[in-house]
Amino acid sequence: MRLIYQWTSSLLLFIPIVLFSSCQTTKKNISDKKAVSKSLPDNPFASPQQLTFIGENEKPTLSIDSQFLYYISYNHRRHSHRQIYRMELGSRLNKRITFHDGDNYDIVLDPLQSLMYYSSTTDEIKEDSTYIKNALKKMLPPSAKSEKTPSEEDHLPSFPVTEIYRSQINGSHIERLTQSRKFDGHLTIHPLTGAKYFSSERAGHPQIFRMGKREKKFFPFHTSPLAQLYPQFSPDGKHLAYVEWDSKC
């Protein structure tokens with residue numbers, strides 16, 4: 001069972017002491033030396049607190065003000081799909097904020113606005129017949145599945161067929177931002193401009209795309225024959241880190 005813990009750190013204050021000494025002779029007297037001992041600080045994360053007790057829970061994401069914790073829960077007693085919950089850390093009150101038929105992934109909180117972004121399979125399940133066929137094929141016994149010839153693409157991690165959505169931080173006013181028959185996810189938001197970049201298989205293999213200002217058009221960030229995954233902005237917005245997956249290595 002996967003559980004989520006909150007780690008708390010106390011503020012430790014250290015006062016540096018500078019010792020000055022003068023040496024009147026070139027001969028050192030070991031007996032005159034004073035031993036100065038420094039005790040190492042205690043582990044500031046030594047007392048974790050368990051926050052969740054039901055289901056499988058993962059991907060904890062803190063709000064900007066650290067007042068709320070967002071996380072994904074599944075195999076729950078009330079649902080099996082991956083749904084998003086919000087916990088008020090002060091009271092430990094939980095609230096389920098998504099009620100989709102599919103699975104939800106990749107919680108991202110907009111640093112500039114009170115908005116939440118995530119990817120979900122909820123519409124792909126209803127729209128993509130290939131997705132349904134593949135899901136049914138996974139239910140067949142191993143002997144009934146056709147043999148697949150290994151290829152370079154088989155070395156890539158498999159991603160769910162998802163679209164990217166936006167909502168208020170309480171889960172209301174849901175908007176669908178992408179529409180392709182393959183994976184769209186791993187959204188990251190520029191901390192200063194709000195520009196949105198994400199990984200998508202709409203070009204055949206995962207590549208990083210940038211959303212237009214009106215979020216209707218999508219532009220390739222950097223075309224590469226390699227798969228591009230997990231884009232992430234630095235806190236100052238000056239750097240964009242991502243993974244290029246070379247299956248030949």
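**Two antiparallel sheets in a predicted model**

Reader: Over residues 9-32, under what value does pLDDT stay?

Author: This is a predicted model, in which local features need pLDDT of at least 70 and side-chain atom pairs count only at pLDDT 80 or more, while totals for chains, interfaces and linings use all residues. Residues are numbered from 1 along each chain as its sequence is written. For residues 9-32 the model has seven contacts (heavy atoms within 4.5 Å) beyond four places in sequence, and pLDDT, the predictor's confidence in each residue from 0 to 100, stays there under 50.

Reader: Which strands are the edge strands of the open sheet that has the order β3-β4-β5-β6?

Author: Strands here are DSSP runs (E, at least two residues), numbered from the N terminus, and two of them pair if DSSP finds at least two bridges between them. The four strands of this sheet pair in the antiparallel sense. Pairing on one side only marks the edge strands, which are β3 (56-62) and β6 (93-96).

Reader: Which residue in β6 does R86 stand opposite?

Author: Strand β5, residues 83-88, is joined to β6 by antiparallel pairing over four bridges. Opposite R86 in β6 stands K95.

Reader: In the sheet ordered β7-β8-β9-β10, why is one side of β7 and of β10 left without a neighbour?

Author: This second open sheet is likewise antiparallel. Strands β7 (104-109) and β10 (175-176) stand at its edges, so one side of each lacks a neighbour in the sheet because each has a single partner strand.

Reader: What is the bridge partner of Y118 in β9?

Author: Strand β8 (residues 115-120) pairs with strand β9 (residues 163-168) in the antiparallel sense over six bridges. In β9, the bridge partner of Y118 is Y165.

Notes
Heavy atoms only, no water.
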